[in-house]
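Here are my notes on the structure you asked me to look over, set out as numbered points. They begin with the chain as a whole and then turn to individual places.

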Amino acid sequence: MSIDVRPSPQALETLDWHKGDGLLPAVVQDADTLQVLMLGYVSAESLAATLAIGHMTFFSRSKQRLWTKGEQSGNVLAVQSISVDCDADTLLVLARPAGPTCHTGAESCFDGAPKDFLGGLDQLVAVREALRPSGSYTTSLFEGGIRRIAQKVGEEGVETALAGVAQDDDALLGEASDLLYHLLVLLRARGLSLEDARDVLEKRHR
């Protein structure tokens, strides 16, 4: 079951607040890389605040008050979705972090937590598209326009196909990696993302 990011009293009523004396554990994952970022606890009030403002808000057991992640550092967690487990006593939150989640400056509070590199690369491409830093190859692609990017995808596609037929595994992997990267750039140039392509594949799978 998922909870809409907007306030929903009906969704709140389904949760089992009794097991944890009014608190539920909330596991937060990066919405793009699926890396586990942190574990916190929410009260009914903090969850309502999360749904209202769109930033993950916990109940601090040490300070005994509501605490919005990033309220001092600015490294907020922008909530994309909230799911409830089968016992309705644990939350799984997908969020987009505005910076490091851990107080140590690390991306995750769990050292070495696995993540989807391709999803992270897609977000990096999005940042390059927005900021256009000088000296970046990705910037040069965006500045070259959609036709140039599409041409590069075509070239890399042909090179990948040829490597699959006539070259070794390392060559094929190298060309396939180039193709994936340029495809991410093409999607972004059209205002799309890796997540959009994944959604299409998921619908086809169903």
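1. Among the contacts in the chain with a separation of 6 or more, 52% join residues that are 24 or more positions apart. This should be read with the caveat that the model is predicted.

2. The secondary structure consists of 7 helices and 7 strands, and their order along the sequence is β-α-β-β-α-β-β-β-β-α-α-α-α-α. Along its principal axes the C-alpha trace spans about 65 × 40 × 30 Å.

3. On the surface, the chain exposes about 12,100 Å², of which carbon and sulfur atoms supply 55%, while 36% of the 206 residues count as buried. As for charge, there are 19 positive and 29 negative charges in the chain, and the mean positions of the two sets lie 6 Å apart.

4. How many disulfides does the structure hold? The count is 0, and the pair Cys109 and Cys102 deserves a look in this respect: the cysteine sulfur closest to that of Cys109 belongs to Cys102 and is 4.0 Å away, which is too far for a bond, given that a disulfide requires sulfur atoms within 2.5 Å. Cys109 counts as partly exposed, at 40% relative accessibility, whereas Cys86, at 78%, counts as exposed.

5. Helix H4, which covers residues 137–144, has Thr138, Thr139, Leu141 and Phe142 as its buried residues. Viewed down the axis of H4, these buried residues fall within an arc of 160°, and they therefore line one face of the helix. The cover over the buried residues of H4 includes helix H3 (117–131), helix H5 (146–166) and helix H6 (169–189).

6. Where does Tyr181 sit, and is its side buried or exposed? Tyr181 belongs to helix H6 and counts as buried, because its relative accessibility is 16% and the limit for buried is under 20%. If neighbours within four places in sequence are set aside, the contacts of Tyr181 are Val125, Tyr137, Thr138 and Leu141; of these, Thr138 and Leu141 are also among the buried residues of H4. Tyr181 and Ala130, which are 51 residues apart in sequence, have their C-alpha atoms 17 Å apart in space.

7. Leu183 also lies in helix H6, but it counts as partly exposed, with a relative accessibility of 36%. From Leu183 to Lys203 there are 20 residues in sequence, and the C-alpha to C-alpha distance in space is 20 Å.

8. Two backbone angles are worth checking when the model is reviewed. Most residues other than glycine have a negative phi. Leu34, however, has a phi near 65°, a positive value in a residue other than glycine; Leu34 is placed in the loop between strand E2 (24–30) and strand E3 (36–42), and with a relative accessible area of 45% it is partly exposed.

9. The second of these angles belongs to Arg132, whose phi is near 50° and is likewise positive in a residue other than glycine. Arg132 lies in the loop between H3 and H4, and at 32% relative accessibility it counts as partly exposed.

Notes
Residues are numbered from 1 along each chain as its sequence is written. This is a predicted model: local features need pLDDT of at least 70, side-chain atom pairs count only at pLDDT 80 or more; totals for chains, interfaces and linings use all residues. Side-chain values use heavy atoms; hydrogens and water are left out. Helices (H or I, at least four residues) and strands (E, at least two) are DSSP runs, numbered from the N terminus. Buried means under 20% relative accessible area, exposed over 50%, partly exposed in between (1.4 Å probe, protein chains only). Contact means heavy atoms within 4.5 Å. Accessible areas come from the Shrake-Rupley method with a 1.4 Å probe; for residues, only the protein chains shown count as cover. Lys and Arg count as positive and Asp and Glu as negative; His and the chain ends are not counted. The place of a charge is taken as NZ of Lys, CZ of Arg, CG of Asp or CD of Glu. The arc is that of the directions from the helix axis to the C-beta atoms.
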